[in-house]
Amino acid sequence: MALSKTWDVPGGSVELGGDVYYSGKIYFSPSNSAESEQKAYTQLGARVSYMYDAWDLRVSAYGVNINDADYALGKMQFDFGQFTTLAPLHSYGVKVQWDF
């Protein structure tokens with residue numbers, strides 16, 4: 001689910017947004033083995049941006065997985081063990097978009 005709100009300000013607009021992603025328990029193998037289980041998790045994101053209309057310039061600050069949800073992108077079971085690809089923890093950044 002994602003929500004955002006935009007306000008008009010002198011020279012452009014400010015947008016504030018947030019999102020929530022929930023995933024229930026899943027299995028990465030057809031046998032639904034305990035080793036391939038991914039427990040349920042919730043991931044949160046947020047962003048704020050300013051749009052300067054005169055230049056079609058948008059500057060945004062964002063955060064992804066700001067609650068540090070710990071989950072796997074995939075798991076592969078082998079005879080000798082398991083290979084797990086972990087998802088990245090939180091990340092933050094600034095994005096500049098200029099349409100010219």
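Analyst: A quick definition first: helices (H or I, at least four residues) and strands (E, at least two) are DSSP runs, numbered from the N terminus. This is a predicted model, where local features need pLDDT of at least 70 and side-chain atom pairs count only at pLDDT 80 or more, while totals for chains, interfaces and linings use all residues. Residues are numbered from 1 along each chain as its sequence is written, and side-chain values use heavy atoms, with hydrogens and water left out.

User: Thanks! Where is Asp56 found?

Analyst: Asp56 is in the loop between strand S5 (41-52) and strand S6 (57-64).

User: Which residues gather with Asp56 in the patch of negative charge?

Analyst: Asp8, Asp53 and Asp99 join Asp56 there, on the surface. Patch residues have over 30% relative accessible area and no salt bridge; like charges are joined within 9 Å, and nonpolar side chains (Val, Leu, Ile, Met, Phe, Trp, Tyr) within 5 Å. Lys and Arg count as positive, Asp and Glu as negative, and His and the chain ends are not counted. Each charge is placed at NZ of Lys, CZ of Arg, CG of Asp or CD of Glu. Areas come from the Shrake-Rupley method with a 1.4 Å probe, and for residues only the protein chains shown count as cover.

User: Is Asp56 buried or exposed?

Analyst: In between: Asp56 is partly exposed, at 36% relative accessible area. Buried means under 20%, exposed over 50%, and partly exposed lies in between (1.4 Å probe, protein chains only).

User: New topic: how many salt bridges are there?

Analyst: Three, each with a side-chain nitrogen of Lys or Arg within 4 Å of a carboxyl oxygen of Asp or Glu. In one of them, Arg58 meets Glu15, with the closest N and O atoms 3.8 Å apart. Arg58 sits in strand S6 and Glu15 in strand S2 (residues 12-23), so the pair ties together parts 43 residues apart in sequence.

User: What does Asp19 pair with?

Analyst: Arg47, at 3.5 Å from N to O. Asp19 is in S2 and Arg47 in S5, so this salt bridge links parts 28 residues apart in sequence.

User: And Lys39, which partner?

Analyst: Glu37, at 3.8 Å between the closest N and O atoms. Lys39 is exposed at 57%, whereas Glu37 counts as buried at 18%.

User: How do S2 and S5 pair?

Analyst: Antiparallel, over 12 bridges; strands pair if DSSP finds at least two bridges between them. Gly12 stands opposite Tyr52 in S5, and Gly12 is also the bridge partner of Val9.

User: What's in the S1–S2 hairpin turn?

Analyst: Two residues lie between the strands, and Gly11 in the turn has a positive phi of about 90°.
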